[in-house]
Amino acid sequence: MLASIAAGAILGGGFVEPAQAREVVAFHEGVMPGSIVVRTAERRLYLVNGDGTAIRYPVAVGKPGKQWSGATQIDGKYVEPAWAPPREVKRDNPRLPAVIAGGSPSNPMGSAALTLAGGEYAIHGTNRPNSIGTYASYGCIRMFNQDVVDLYARVSVGTQVYVTR
């Protein structure tokens, strides 16, 4: 199943067609309706509708060496969450404060966050919208703030998430 999910929409020349906004697209990957599929190579997140379509959102994903793949679930939903940098981020950026308050313009979590079970990763908004469509994070999935708010309203704790490379 995940092998078929990993098949990308690579266009000629090895470049992935950029997605500028969320859109409904054909999607026939055999995952349960309501599931989220993140295709790291495409830098896109799909929310599966179950009628042969999915809502496709542009995202930023992990930098080379910071990417991961596998299956997990959403284990928390938060609006304007505070952010404490994980140990690795703090090590690479020692000037970061221990906590950045939710709603602060310097908070990298943006408008909302959906935390993922089994680690320090989340699907979240961003204070750096120009990073969407790139390899930018330490493994989190970044979305435009308006898109993470839309996704937040459509999913619940327990939603299955598949991340493929």
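About 40 Å³ of space lies in the largest cavity of this structure, which is a predicted model. Let's start there and work outwards. How many cavities of 30 Å³ or more does the count come to? Just one. Its walls are made by Thr40, Val61, Gly62, Lys66, Gln67, Trp68, Gly139, Ile141 and Val163. Sort that lining by class and you get four nonpolar, four polar and one charged residues.

Two of the names in that lining, Val61 and Gly62, are a handy way into the next stop, strand β4, which spans residues 53-62. Is β4 mostly covered or mostly open? Mostly covered: ten of its ten residues are buried. In this model a residue counts as buried when its relative accessible area is under 20%.

Now look at the strands that pair with β4. Strand β1, residues 23-26, is joined to β4 by four bridges, and the two run antiparallel. To find that pairing on screen, pick Val25 and look for its bridge partner in β4, Ala54. Strand β3 also runs antiparallel to β4, this time over five bridges. Here a good landmark is Leu47, whose bridge partner in β4 is Ile55. β3 and β4 form a hairpin with four residues between the strands, and in that hairpin Gly50 takes a positive phi near 95 degrees.

Further along β4 there are more pairings to trace. Strand β9, residues 141-143, is linked to β4 by two bridges, again antiparallel. Val59 is the place to look, with Met143 as its bridge partner in β9. Which way does strand β8, residues 135-137, run when it pairs with β4? That pairing is parallel, and it also has two bridges. In it, Val61 has Tyr135 of β8 as its bridge partner. That's the Val61 from the cavity lining, and Ile141, another lining residue, sits within the 141-143 stretch of β9.

Next comes helix α3, which covers residues 145-154 and has Asp147, Val148, Asp150 and Leu151 buried. Why can we say that these four lie on the same side of α3? Because they cover an arc of only 160 degrees around the axis. Turn to the other side of the helix and you'll find Gln146 and Ala153, which are exposed. And what do the buried residues of α3 pack against? Quite a list of strands: β2, β3, β4, β6 (112-116), β7 (122-124) and β9. So the helix brings us back to β4, which is one of those strands.

Last, a couple of backbone details in the loops. Arg43 is not a glycine, yet it has a positive phi of about 60 degrees. You'll find Arg43 in the loop between β2 (36-39) and β3 (44-48). Is Arg43 buried or exposed? It counts as buried, because its relative accessibility is 15%, and the cut-off for buried is under 20%.

Glu80 is another residue that has a positive phi without being a glycine, in this case about 40 degrees. Glu80 belongs to the loop between β5 (70-79) and α2 (87-92). With a relative accessibility of 46%, Glu80 counts as partly exposed. The cut-off for exposed is over 50%, and partly exposed covers the range between that and the buried limit.

Key
Residues are numbered from 1 along each chain as its sequence is written. This is a predicted model: local features need pLDDT of at least 70, side-chain atom pairs count only at pLDDT 80 or more; totals for chains, interfaces and linings use all residues. Side-chain values use heavy atoms; hydrogens and water are left out. Buried means under 20% relative accessible area, exposed over 50%, partly exposed in between (1.4 Å probe, protein chains only). On a 1 Å grid over the protein atoms alone, a cavity is a set of points where a 1.4 Å probe fits but cannot get out, and a pocket is an open set with protein on both sides within 12 Å along at least five of seven lines; lining residues have an atom within 4 Å of a point. Grid points are joined across faces, edges and corners, and a volume is the space filled by probe spheres set on the points. Ala, Val, Leu, Ile, Met, Phe, Trp, Tyr, Cys and Pro count as nonpolar, Asp, Glu, Lys and Arg as charged, and the others, Gly among them, as polar. Two strands pair if DSSP finds at least two bridges between them. The arc is that of the directions from the helix axis to the C-beta atoms. Contact means heavy atoms within 4.5 Å.
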